[in-house]
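Trainee: I am new to this one. Can we go through it step by step?

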Amino acid sequence: MKEIVVNLHECKHCNSSGTCKNGNDGSSCLACAKKNDISFWRQKNQFGLLCGSCGGIGNAEPLTERMHNRTAPMLAIYLIISLLSIILWAALNESQFFSELLVFSSTIIGSIVGYYFSNKGN
Ligand SMILES: [Zn+2]
Ligand SMILES: [Zn+2]
């Protein structure tokens, strides 16, 4: 895991050419046609469109950076689920810490939910 950190890596989608050729017979794929704002009816069999994955520069942002943008919400959901199961477990076992757990968990869940809902508009 001690790789040298690079900001950009070669785009796999277009083989660093910057042009998408992933459709039929070397045409551009539908995903890239969409990103190029080609109207729905003409998305098939477009040639030489800019690669939608890298924006035509042949290099894409590292996967880790993209992962980071997705792991945060995933982590929040995971956290909420585990907190809820802890509460459920405490309730089923009539734990003496139930009320403390409930307050603790609802505070965390509340702040997570509040955070994501308040950021939705952005
Ligand atoms: Zn590309
Ligand atoms: Zn494509």
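**Questions on the model**

Mentor: Start with G23 in this predicted model. G23 has 19 C-beta neighbours inside 10 Å, so G23 counts as partly exposed.

Trainee: Where does G23 lie?
Mentor: Look at the elements on either side. Strand β1 covers 9–10 and helix α1 covers 30–35. G23 lies in the loop between β1 and α1.

Trainee: Which residues is G23 in contact with, leaving aside its neighbours within four places in sequence?
Mentor: Set aside the sequence neighbours within four places, then look for contacts. For G23 that gives S28, C29 and N45.

Trainee: What separates the C-alpha atoms of G23 and Q46?
Mentor: Along the chain, G23 and Q46 are 23 residues apart. In space, their C-alpha atoms are separated by 8.5 Å.

Trainee: Is N45 buried, partly exposed or exposed?
Mentor: N45 sits in the loop between α1 and β2 (59–60). The cut-off for exposed is 12 or fewer C-beta neighbours within 10 Å. N45 has 11 inside 10 Å, so N45 counts as exposed.

Trainee: What is the phi of N45?
Mentor: Most residues other than glycine have a negative phi. N45 is not a glycine, yet its phi is positive. The value is near 55°.

Trainee: And N15: what is its phi?
Mentor: N15 is in the loop between β1 and α1. With 14 C-beta neighbours inside 10 Å, N15 counts as partly exposed. N15 is not a glycine, but its phi is positive, at about 55°.

Trainee: How many residues make up the largest nonpolar core?
Mentor: Among its members are C11, C14, C20, C29 and C32. A33, L49, C51 and C54 also belong to this core. The total is nine.

Trainee: Which residues is A33 in contact with, beyond its neighbours within four places in sequence?
Mentor: A33 is one of the core residues. So is L49, and L49 is also among the contacts of A33. The full list is S28, I38, Q43, Q46 and L49.

Trainee: How many buried residues does α3 have?
Mentor: Helix α3 runs over residues 98–118. From first C-alpha to last, α3 reaches 29 Å, close to the expected 30 Å. The helix is hardly covered, and among its 21 residues the buried count is zero.

Trainee: Which element of the protein chain has the highest mean pLDDT?
Mentor: The protein chain averages a pLDDT of 81, and 81% of the residues score at least 70. Among the elements, β2 has the lowest mean, 72. The highest mean is 90, and it belongs to α1.

Key
Residues are numbered from 1 along each chain as its sequence is written. Chains are lettered from A and ligands numbered from 1 in the order in which they are written. This is a predicted model: local features need pLDDT of at least 70, side-chain atom pairs count only at pLDDT 80 or more; totals for chains, interfaces and linings use all residues. Helices (H or I, at least four residues) and strands (E, at least two) are DSSP runs, numbered from the N terminus. A residue is buried if 20 or more other C-beta atoms lie within 10 Å of its own, exposed if 12 or fewer, and partly exposed in between; C-beta atoms are placed from the backbone. Two residues are in contact if their C-beta atoms, placed from the backbone, lie within 7 Å. A nonpolar core is a set of buried Ala, Val, Leu, Ile, Met, Phe, Trp, Tyr and Cys residues joined through C-beta atoms within 7 Å. The expected span of a helix is 1.5 Å times one less than its number of residues. pLDDT is the predictor's confidence in each residue, from 0 to 100.
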